[in-house]
Amino acid sequence: MFCNMLDYKSKWFGRWFVKVPAQYTSRDCNSCNFRTEEMPLTIREWQCPKCNSFHNRDGNASKNILKKWLDGQS
Ligand SMILES: [Zn+2]
């Protein structure tokens, strides 16, 4: 089960992981760029203390990865 999920995820994000450092992406607010404290991986959702946006950890990370990748293109 765990291996299947990992395989699925690496296919899903594989393109981005090549070019973009994934560090911090799940902790940076994609609305205001606030970097929250380190969270255990069991925390799947969090709210930004600065702008109060509510984030799904993976959704937020993928938006940040996309944003960083786009920034790198310009
Ligand atoms: Zn925020």
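## Working through loops and helices

N33 is exposed, since 12 other C-beta atoms lie within 10 Å of its own. (Exposed means 12 or fewer such atoms, buried means 20 or more, and partly exposed is in between; the C-beta atoms are placed from the backbone.) You're looking at a predicted model, so local features need pLDDT of at least 70 and side-chain atom pairs count only at pLDDT 80 or more, while totals for chains, interfaces and linings use all residues. Residues are numbered from 1 along each chain as its sequence is written.

**Task: the overall layout.** Work out how many helices and strands the protein has, and in what order they run.

*Solution.*
- Start with the count: the protein has 2 helices and 2 strands. Here helices (H or I, at least four residues) and strands (E, at least two) are DSSP runs, numbered from the N terminus.
- Next, read from the N terminus on, and you get α-β-β-α.
- Now for burial: 12% of the 74 residues are buried.
- Finally, take the contacts between residues at least 6 apart in sequence: 41% of these join residues at least 24 apart. A contact here means two C-beta atoms, placed from the backbone, within 7 Å.

**Task: two asparagines.** Find where N33 and N52 sit, and what phi each one has.

*Solution.*
- N33 belongs to the loop between α1 (2–19) and β1 (45–47).
- Its phi is near 70 degrees, a positive value in a residue other than glycine.
- N52 is in the loop between β1 and β2 (54–56), and its phi, also positive, is near 65 degrees.
- Why look twice at such values? Most residues other than glycine have a negative phi.
- As for surroundings, N52 is exposed because it has 10 C-beta neighbours inside 10 Å.

**Task: the neighbours of S53.** Find which residues S53 touches, not counting those up to four places away in sequence.

*Solution.*
- Place S53 first: it's in the loop between β1 and β2.
- With 14 other C-beta atoms within 10 Å, S53 is partly exposed.
- Leaving out residues up to four places away, S53 touches C29, S31 and C48.
- N30 is 23 residues from S53 in sequence, and their C-alpha atoms are 8.8 Å apart.

**Task: the faces of α2.** Decide where the buried residues of helix α2 lie around its axis.

*Solution.*
- Check the length: α2 has 17 residues and spans 24 Å from first C-alpha to last, close to the 24 Å expected at 1.5 Å a residue. (That expected span is 1.5 Å times one less than the number of residues.)
- List the buried residues of α2: N60, A61, N64 and I65.
- Look down the axis: these buried residues fall within an arc of 135 degrees, so they line one face of the helix. (The arc is taken over the directions from the helix axis to the C-beta atoms.)
- The spacing rule behind this: an α-helix has 3.6 residues a turn, so residues three or four places apart point the same way.
- Turn to the face away from the buried side, and you'll find the exposed residues L70 and Q73.

**Task: S62 and K63.** Say whether S62 is buried, partly exposed or exposed, and do the same for K63.

*Solution.*
- S62 is part of helix α2 (residues 57–73), and K63 is in α2 too.
- S62 has 17 C-beta neighbours inside 10 Å, so it counts as partly exposed.
- K63 also has 17 other C-beta atoms within 10 Å and is partly exposed.
- Across the chain, S62 and S26 are 36 residues apart in sequence, with 8.0 Å between their C-alpha atoms.
- K63 and N30 are 33 residues apart along the chain, and their C-alpha atoms are separated by 6.7 Å.
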